[in-house]
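Me: Hey, got a minute to go through a structure with me? I'd like to start with one odd residue and then look at the whole chain.

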Amino acid sequence: QVHLMESGGGLVQAGGSLRLSCAASGSTFVGVTMGWYRQAPGKQRELVASITRGGRTDYGDSVKGRFTIFRENGANLVTLHMYMLKPEDTGVYYCYIREGVAVESSTYWGQGTQVTVSS
């Protein structure tokens, strides 16, 4: 069973920073894509950031220029650096790993970690 271990969530004041980490254990593959989604109360889940095995990154429009995602080479380990945080960044952040590029490939999710940005 694939298990995603998330850490780094917490409370921070607006303008501050946080670092989230996620590591996948129990897998026999190197995920084609890893990243983070987030969900705030009353809102749809949205992409925060993702990174492929080849290092290609993608960011949600609302976080571009403020968040940066990194991945250890050849490993199921990612770190999300969040800077200049805003109250609207508040939500539950979910780490995910996608096994392969095919549509039939499995996606695994973490339990989520709370990020709260106060004004």
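**Methionine 84 and the rest of the chain**

Reply: Sure. Methionine 84 is exposed, with a relative accessible area of 57%. Keep in mind that this is a predicted model.

Me: OK, and where is methionine 84 found?

Reply: Look at the loop between strand E8, residues 77–82, and strand E9; methionine 84 is found there.

Me: What's the phi of methionine 84?

Reply: Its phi is positive, about 50 degrees, although methionine 84 is not a glycine.

Me: Why is that worth pointing out?

Reply: Because most residues other than glycine have a negative phi.

Me: Got it. New topic: how many helices and strands are there in the protein chain?

Reply: Zero helices and 11 strands. Read along the sequence, the pattern is just β-β-β-β-β-β-β-β-β-β-β.

Me: And how compact is the protein chain?

Reply: Its radius of gyration is 14 Å, close to the 14 Å that the globule rule gives for 119 residues, so the chain is as compact as a globular protein of that length. Along the principal axes, the C-alpha atoms fill a box of roughly 45 × 25 × 20 Å.

Me: How many disulfides does the structure hold?

Reply: One. Cysteine 22 and cysteine 95 form it, with their sulfur atoms 2.0 Å apart.

Me: Which parts of the chain does that pair link?

Reply: Distant ones: cysteine 22 sits in strand E3 (residues 18–25) and cysteine 95 in strand E9 (residues 91–98), 73 residues apart. You've met strand E9 already, as it comes right after the loop that holds methionine 84.

Me: Are those two cysteines buried or exposed?

Reply: Cysteine 22 is buried, and cysteine 95 is too.

Me: And which hand does the link have?

Reply: Left-handed, with -90 degrees about the S-S bond.

Me: Back to the whole chain. What share of the residues is buried?

Reply: Buried residues make up 39% of the 119.

Me: What about contacts between residues far apart in sequence?

Reply: If you take the contacts with a separation of 6 or more, residues 24 or more positions apart account for 55% of them.

Me: How much area does the chain expose?

Reply: About 6,600 Å², and carbon and sulfur atoms supply 48% of that.

Me: Last one: how many positive and negative side chains are there?

Reply: There are 11 positive and 9 negative ones, and the centres of the two sets lie 3 Å apart.

Technical notes: Residues are numbered from 1 along each chain as its sequence is written. This is a predicted model: local features need pLDDT of at least 70, side-chain atom pairs count only at pLDDT 80 or more; totals for chains, interfaces and linings use all residues. Side-chain values use heavy atoms; hydrogens and water are left out. Helices (H or I, at least four residues) and strands (E, at least two) are DSSP runs, numbered from the N terminus. The radius of gyration is taken over C-alpha atoms; the globule rule is 2.2 Å times the number of residues to the power 0.38. Buried means under 20% relative accessible area, exposed over 50%, partly exposed in between (1.4 Å probe, protein chains only). Contact means heavy atoms within 4.5 Å. Accessible areas come from the Shrake-Rupley method with a 1.4 Å probe; for residues, only the protein chains shown count as cover. Lys and Arg count as positive and Asp and Glu as negative; His and the chain ends are not counted. The place of a charge is taken as NZ of Lys, CZ of Arg, CG of Asp or CD of Glu. A disulfide is a pair of cysteine sulfur atoms within 2.5 Å.
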